[in-house]
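Colleague: I'm new to this, so could you walk me through the model and tell me how you decide what to call things?

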Amino acid sequence: MSAESGLFERGRQEFERALQRNIKGLDYFTSPAPVLGASAKDVLIERGTLRLYHYRPLTDEIYRVPVLLVMATTNRGYIFDLTPGQSLVEYLLQRGYDVFMIDWEAPRPDEKTLDLASYVLDFLPSCVARVKQVTGEPDISVIGYCFGGVLALLWAALHPDAGLKNLATFTTPVDFTKMPLFATWSDKRYFDVDRLVGTLGNCPAEMLYTAFDSLRPGGRVAANIRLLDRMWDDEFVKAHRMIDRWSSDVLPLAGAYFRDTTKRLMWDNALFERTMDVAGRPVDLEAITVPFLHVTAEHDHIVPTAASAPLIEMVGGTDKEHVTLKGGHVSLIGGPNAVRRMWPKLDQWLAEKSL
Amino acid sequence: MDPLAMMRSAVDQWEKLANEYGGQFLQRPETTQAMQKMTAGFLQMQKMTQDAMGKALAAANLPSRMDIEALSGRLGAIEASLARIEAASAPVPSSGAPLPRPPRTRKPPLRP
């Protein structure tokens with residue numbers, strides 16, 4: 001192909017894209033957002049901020065051990081269940097797992113008194129008991145995402161007889177000093193968490209959203225420019241809408257819980273320093289001896305690998321594996337990388353341990 | 001030379017620099033101090049408004065936000081008790097449809 005015809009072809013392609021960009025740009029603002037979290041499910045627990053879902057099996061035969069997903073308290077659980085083909089829940093169901101999920105609604109104003117102990121010593125044990133009741137199985141596999149992983153770890157360490165068979169954590173922080181922006185913003189010299197909680201009750205979602213957004217000050221502007229540039233590309237637009245909607249859908253945090261996590265984890269770094277306790281009960285991560293999978297993302301800007309990687313050494317037991325995969329904090333579980341890399345890895349690890 | 005490729009590359013570069021320098025700026029103790037002072041000022045204002053509104057509502061014999069929150073808390077406690085009773089009675093799915101119960105006998109496929 002000559003240089004002239006190559007240039008002509010490139011020009012024609014860009015003209016076509018500009019045309020599509022204009023047509024689809026209008027669609028973007030007028031069409032409804034994709035339906036997320038639509039896998040068929042039953043609500044087993046609906047108590048204040050807490051939700052426990054049971055997804056309808058998609059296979060004629062399922063693994064004996066049920067799987068419980070624990071969502072981070074700052075975001076909605078539909079990141080596990082985006083659209084068909086982009087849903088970890090659907091993938092697990094198709095692979096024959098019996099899937100449950102702990103999800104969160106925005107805590108009500110009167111739930112400002114919920115503290116870390118409420119989550120670790122009440123919500124998680126209640127959900128695990130309900131899963132056992134529904135399945136009739138004494139064992140359970142638990143998978144925690146981000147701070148859901150921290151809750152799962154605290155619960156597991158404090159409930160050695162709860163029937164935990166396998167534990168997996170995704171992008172779960174343990175050394176909070178290695179999250180420099182969060183550590184600086186919550187610096188106890190300047191940040192009066194008691195005053196914030198005392199005045200507002202719960203920690204507002206807007207504050208958390210701004211904090212997450214500020215981790216990449218140029219990210220949102222650049223993402224919007226890329227969206228405009230790729231407006232002709234339906235798959236790109238769909239993925240952008242899903243992730244953008246999810247990352248903007250931040251939940252407020254219960255006041256006492258926010259105070260506990262700020263003081264004990266951000267200020268004292270108690271989990272990493274091995275001085276953590278929940279309601280006076282000391283937490284020893286070495287007490288967790290079940291098979292353990294720890295997945296971190298290479299380009300995680302929220303929980304950098306340095307903040308999450310030490311966890312593998314802190315958990316007890318010998319059957320444990322740390323995997324670092326390409327991708328970021330969100331794309332690790334809900335993007336094309338997840339479909340190609342993380343989900344098959346999880347299935348490979350979990351299948352033989354679910355009998 | 002492809003001008004659009006150059007534009008995309010420029011966006012990438014700009015984002016990298018904005019994240020790097022923006023992050024450095026936000027990590028400065030002075031920035032944190034200023035941000036937290038603003039937050040403290042906002043909280044102080046909020047508290048004063050809450051107190052003034054509380055007094056005005058009490059004078060008008062109307063419930064304050066705290067009264068409503070207390071009521072909501074009591075309703076929440078009743079809801080929690082009901083949930084516990086419901087959970088203890090029978091595992092009925094919320095939709096009312098029968099819960100599919102495939103046998104839990106699945107084995108992993110043989111891997112090469």
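Modeller: Sure, let's start with chain B, whose elements run α-α-α from the N terminus on. That's three helices and zero strands. Keep in mind that this is a predicted model.

Colleague: How many residues of chain B count as buried, as a percentage?

Modeller: Just 3% of its 112 residues. The cut-off for buried is 20 or more other C-beta atoms within 10 Å.

Colleague: Can we try one residue? What makes B:M66 buried, exposed or partly exposed?

Modeller: B:M66 sits in helix α3 of chain B. Exposed would need 12 or fewer neighbours and buried 20 or more. B:M66 has 14 C-beta neighbours inside 10 Å, so B:M66 counts as partly exposed. As for distances, its C-alpha atom is 9.8 Å from that of B:Q50, and the two residues are 16 apart along the chain.

Colleague: And A:D175 in chain A: what makes that one buried or exposed?

Modeller: Here the count is 20 C-beta neighbours inside 10 Å. Since the cut-off is 20 or more, A:D175 counts as buried. You'll find A:D175 in the loop between β6 (164-170) and α5 (180-185) of chain A.

Colleague: Which residues is A:D175 in contact with, leaving aside neighbours within four places in sequence?

Modeller: A:N269, A:F272, A:A306, A:A307 and A:P310. Take A:A307: it is 132 residues from A:D175 along the chain, yet their C-alpha atoms are separated by 4.6 Å.

Colleague: What share of the contacts in chain A join residues at least 24 apart?

Modeller: If you take contacts between residues at least 6 apart in sequence, it's 81%.

Colleague: Let's zoom out. Why is chain A called as compact as a globular protein of its length?

Modeller: First, the parts: chain A has 14 helices and 10 strands. Its radius of gyration is 22 Å, and the globule rule gives 20 Å for 355 residues; those are close, so chain A is as compact as a globular protein of that length. Along its principal axes the C-alpha trace spans about 75 × 55 × 35 Å. And 46% of the residues of chain A count as buried.

Colleague: Now helix pairs. Why are α6(A) and α10(A) called roughly antiparallel?

Modeller: Helix α6 (residues 193-200) and helix α10 (residues 255-267) of chain A pack at about 175°, with their axes 9 Å apart. Angles over 145 degrees count as roughly antiparallel, therefore that is the name for α6(A) and α10(A). On the α6(A) side the contact is made by A:V193, A:D194 and A:V197, while α10(A) brings A:G255, A:A256, A:F258, A:R259, A:T262 and A:K263. Sorted by class, that's four nonpolar, two polar and three charged residues.

Colleague: What makes α3(A) and α10(A) parallel or perpendicular, roughly speaking?

Modeller: Again, look at the angle. The axes of helix α3 (residues 116-135) of chain A and α10(A) cross at roughly 100° and come within 7 Å. The range from 65 to 115 degrees counts as roughly perpendicular, so α3(A) and α10(A) get that label. The contact is made by A:L116, A:S118 and A:Y119 of α3(A) together with A:Y257, A:D260 and A:T261 of α10(A). These divide into three nonpolar, two polar and one charged.

Colleague: How many residues of chain B are in contact with chain A?

Modeller: 39 residues of chain B, and they touch 48 residues of chain A. On the chain B side, α1, α2 (29-59) and α3 (65-89) each supply at least two residues. α1(B) gives the most, with 11 residues. By class, that side has 17 nonpolar, 14 polar and eight charged residues.

Colleague: Then how do you know whether α8(A) is roughly parallel or antiparallel to α1(B)?

Modeller: The axes of helix α8 (residues 219-229) of chain A and helix α1 (residues 3-27) of chain B cross at roughly 165° and come within 9 Å. The cut-off is over 145 degrees, so α8(A) is roughly antiparallel to α1(B). Their crossing is left-handed. Residues making the contact include A:I225 and A:R226 of α8(A), and B:W14 and B:E15 of α1(B). The whole contact has four nonpolar, two polar and four charged residues.

Key. Residues numbered from 1 in each chain as written. Chains lettered and ligands numbered in written order. Predicted model: local features only at pLDDT ≥ 70, side-chain atom pairs only at ≥ 80, totals over all residues. Axes fitted to C-alpha atoms, helices over the stretch in contact; angles between N-to-C directions. Helix = DSSP H or I, 4+ residues; strand = E, 2+ residues; numbered from the N terminus. Parallel < 35°, antiparallel > 145°, perpendicular 65-115°, else oblique. Left-handed = near helix turned anticlockwise from the far one by under 90°. Contact = placed C-beta atoms within 7 Å. Nonpolar A, V, L, I, M, F, W, Y, C, P; charged D, E, K, R; others polar. Rg over C-alpha atoms; globule rule 2.2 N^0.38 Å.
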